[in-house]
Amino acid sequence: MSQYDDAVNRLYRVKTLRAAFDEKRPGSKECQFLAACVHMLESRGYVTSNMQRWLDDLLEKGGPAEPKQDDLALADQMAETSPHAGVSQEFMDDMIARLRSGTPLTDRQRAAVLELHEKIKKGMAQGNVGLSPDEIRAMGLADKVFYGYDVDYRATYFATFRRASAVIEKFKSEGSINRMDWTALTDAMPRLREIASPKFKKDSLVYYAALDKLVVVCGTPDIDQWGRVAYNVLMDDGSVKMIGSNQLRKRVPRAR
């Protein structure tokens with residue numbers, strides 16, 4: 001067989017292998033690598049020595065490995081429980097796709113997936129644990145808290161806030177959420193946690209740093225127009241003012 005025939009045959013094998021990976025593992029690093037190999041073989045007739053070693057290994061294996069039945073079963077279970085995970089949905093989707101496609105997981109990835117799955121099952125076994133009255137009151141402010149985070153911040157953590165939005169909508173439609181939903185929501189929006197567990201109690205005396213004065217907390221925390229956790233406080237002139245939580249202190253700072 002001539003050198004030209006060898007090159008044509010090799011290109012055909014690489015294209016066939018790429019098609020197999022595109023079908024079973026679309027978007028994987030193997031797909032991207034094989035696409036690069038096809039391009040180089042068509043344009044230059046060769047690949048680099050480093051690429052050649054990995055390409056030879058893939059050609060020897062003949063295609064993507066078939067997924068194990070245990071991995072398929074685990075992927076199905078994770079798909080059912082992923083809405084309750086309280087972690088990045090992208091991470092869950094990636095791990096599920098890897099298990100279903102037969103992509104080997106590292107020991108660390110497999111351990112993390114199994115640990116997360118057990119934690120989710122344990123949490124779901126607790127059932128629909130009711131929220132406390134303070135947490136229910138906090139859920140009433142969830143929309144204000146959600147939109148209090150600026151658009152750029154929500155875009156940066158898109159998956160986290162998409163999950164938070166789903167939990168809020170679930171509460172609106174069903175009137176309740178389980179403990180894992182609450183944990184996922186407050187992990188995404190810590191401000192909601194302070195609404196449920198106020199840093200400053202009603203009638204307590206706190207220090208207002210901006211005016212260097214002591215003021216009295218009048219009630220439970222709320223969300224101000226900037227989306228911050230804030231408290232209505234009684235000023236020394238008898239007026240009531242809404243002050244951001246970050247401007248209040250439990251103790252008067254020591255004089256320097």
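This is a short chat about the nonpolar cores and two helices of a predicted model.

Reader: Which residues touch the most other members in the largest nonpolar core?
Author: Met139, Trp182, Leu185, Met189, Leu192, Val233 and Leu248 do, in a core of 33 residues.

Reader: And which helices and strands supply at least two residues of this core?
Author: Helices H7, H8, H10, H11 and H12 each do, and so do strands E1, E2 and E4. H10 gives the most, with five residues.

Reader: What does Met189 touch?
Author: Leaving out residues up to four places away in sequence, Met189 touches Ala142, Val145, Phe146, Tyr149, Phe161 and Ile168.

Reader: Back to H10. Which of its residues are buried?
Author: Ala159, Phe161, Arg163, Ala164, Val167, Ile168 and Phe171 are the buried residues of H10.

Reader: Why should H10 span 24 Å?
Author: H10 has 17 residues, and the expected span is 1.5 Å times one less than that number, so it should span 24 Å. The end C-alpha atoms of H10 are 24 Å apart, which agrees.

Reader: What comes just after H10?
Author: Gly175, with a positive phi of about 80°.

Reader: New topic. What about H2, how far apart are its end C-alpha atoms?
Author: They are 21 Å apart, which agrees with the span expected for the 15 residues of H2, 29–43, at 1.5 Å a residue.

Reader: Which residues of H2 are buried?
Author: Glu30, Cys31, Phe33, Leu34, Cys37, Val38, Met40 and Leu41. H2 is followed by Gly45, whose phi is positive, near 90°.

Definitions and conventions: Residues numbered from 1 in each chain as written. Predicted model: local features only at pLDDT ≥ 70, side-chain atom pairs only at ≥ 80, totals over all residues. Heavy atoms only, no water. Core = buried A, V, L, I, M, F, W, Y, C linked by side-chain atoms within 4.5 Å. Buried < 20%, exposed > 50% of the residue type's maximum accessible area, 1.4 Å probe, protein only. Helix = DSSP H or I, 4+ residues; strand = E, 2+ residues; numbered from the N terminus. Contact = heavy atoms within 4.5 Å.
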